[in-house]
Amino acid sequence: MGDDPLSKFSQKGLLCFWNEDDFVLQNSISGNGYIGLEGTWLEGNRQVTIVNVYSPFDLEGKRALWLELKNLKALSSNSRWCATWDFNAIRRRRERIGVNNVSQGGREMEDFNQFIKDLELINVPLVRKKYTCFQPNGKEKSHIDRVLISRDWLETWHSCTQCVLNRNVFLSL
């Protein structure tokens with residue numbers, strides 16, 4: 001990654017970018033499967049932590065990531081937390097259709113729900129669509145991408161929603 005100024009904000013396919021007129025970075029943290037940004041949201045001068053997640057596919061890898069994020073949050077002085085992106089896990093069976101995932105099934109859901117509870121995070125509701133990941137065959141769908149926020153984040157920004165955009169949204173930019 002060399003001298004690329006963006007390299008410290010990318011981790012195994014994750015990239016974080018922001019508008020410096022809205023957010024001032026004070027600290028960046030990264031680990032296997034995440035990049036975290038700590039800083040000041042300028043409107044209202046609010047301290048926030050935003051963690052961009054790309055979770056492993058295997059349950060042990062997910063558990064290790066969830067434990068690392070739990071420890072990270074415990075050490076954070078920021079009460080406004082947002083963990084977002086691809087957790088590669090569902091909270092309920094109805095969040096996955098057409099995918100045979102018998103090997104992990106209920107245990108993974110229990111562990112993921114416990115992770116959310118332990119971090120005292122709130123799952124931001126989806127609008128427009130039920131699923132965030134679609135296979136080209138149209139038969140496999142999952143809700144594995146999500147936005148999880150702290151109560152203080154929600155009390156600061158009351159009307160948080162997660163909107164699923166059309167797949168080709170970036171292709172049209």
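# Group meeting: a walk through a predicted model

Among the elements of the protein, strand 1, which covers residues 10-11, has the lowest mean pLDDT, at 46, while helix 3, residues 151-156, has the highest, at 97. I begin there since what we are looking at is a predicted model, and I would like to go through confidence before anything else. Over residues 1-11 the pLDDT is below 50, and beyond near neighbours in sequence this stretch has 20 contacts in the model. Over residues 169-173 the pLDDT is also below 50, but here the count of contacts beyond near neighbours in sequence is zero. Where pLDDT is low, the predicted coordinates should not be read in detail. For the protein taken as a whole, the mean pLDDT is 86, and 86% of its residues reach 70 or more.

Now the overall picture. The protein has three helices and 13 strands, and of its 173 residues, 42% count as buried. If we take the contacts between residues at least 6 apart in sequence, 58% of them join residues at least 24 apart. The exposed area comes to about 10500 Å², of which carbon and sulfur atoms supply 51%.

Let me turn to one sheet. Strands of a sheet pair through backbone hydrogen bonds, either parallel or antiparallel. In this model, three strands form an open sheet in the order 7-11-10, with antiparallel pairing. Strand 7, residues 96-97, and strand 10, residues 133-134, stand at the edges, and each has a single partner strand, so one side of each is left without a neighbour in the sheet. Strand 7 is joined to strand 11, residues 141-142, by two bridges, and within that pairing Arg 96 has Ser 142 of strand 11 as its bridge partner. The loop between strand 10 and strand 11 holds Gly 138, which is partly exposed at 46% relative accessibility. The C-alpha atom of Gly 138 is separated by 9.2 Å from that of Gly 98, although the two glycines are 40 residues apart along the chain.

Next, the charged side chains. Side chains of opposite charge can pair when their charged atoms come close. A search of the whole structure finds eight salt bridges, and I will describe some of them.

Which residues does Glu 95 pair with? One partner is Arg 92, with an N to O distance of 3.5 Å, and another is Arg 146, where the closest N and O atoms are 2.7 Å apart. Glu 95 lies in the loop between strand 6 and strand 7, whereas Arg 146 belongs to strand 12, residues 145-150, so this pair ties together parts that are 51 residues apart in sequence. As for their surroundings, Glu 95 is buried, with a relative accessible area of 8%, and Arg 146 is buried as well, at 0%, while Arg 92 counts as partly exposed at 35%.

A further salt bridge brings together the side chains of Asp 111 and Arg 107, at 3.0 Å from N to O. Because these residues are four apart in helix 2, residues 105-118, they are separated by about one helical turn. Asp 111 counts as buried, at 13% relative accessibility, whereas Arg 107 is partly exposed, at 46%. Through salt bridges that share partners, Glu 60, Arg 63, Arg 107, Glu 110 and Asp 111 are joined into one network.

Two loop residues deserve a look for their backbone angles. Asn 88 has a phi near 50°, a positive value in a residue other than glycine, and Arg 128 is likewise a residue other than glycine with a positive phi, near 80°. Asn 88 is placed in the loop between strand 6, residues 81-86, and strand 7, and Arg 128 in the loop between strand 9, residues 126-127, and strand 10. Are these two residues buried or exposed? Asn 88 is buried, at 6% relative accessibility, whereas Arg 128 is exposed, with a relative accessible area of 60%.

I will finish on the surface. Tyr 54, Phe 57 and Trp 85 form a nonpolar patch there, and together they have about 370 Å² of accessible area. Of these, Tyr 54 sits in strand 5, residues 46-54, and is partly exposed, with a relative accessible area of 34%. A residue needs over 30% relative accessible area to be part of such a patch, so the 34% of Tyr 54 meets that cut-off.

Conventions. Residues numbered from 1 in each chain as written. Heavy atoms only, no water. Patch = residues over 30% accessible without salt bridge, like charges linked within 9 Å, V, L, I, M, F, W, Y side chains within 5 Å. Areas by Shrake-Rupley, 256 points an atom, 1.4 Å probe, with all protein chains shown as cover. Salt bridge = Lys/Arg side-chain N within 4 Å of Asp/Glu carboxyl O. Buried < 20%, exposed > 50% of the residue type's maximum accessible area, 1.4 Å probe, protein only. Pairing = 2+ DSSP bridges. Contact = heavy atoms within 4.5 Å. pLDDT = per-residue confidence, 0-100.
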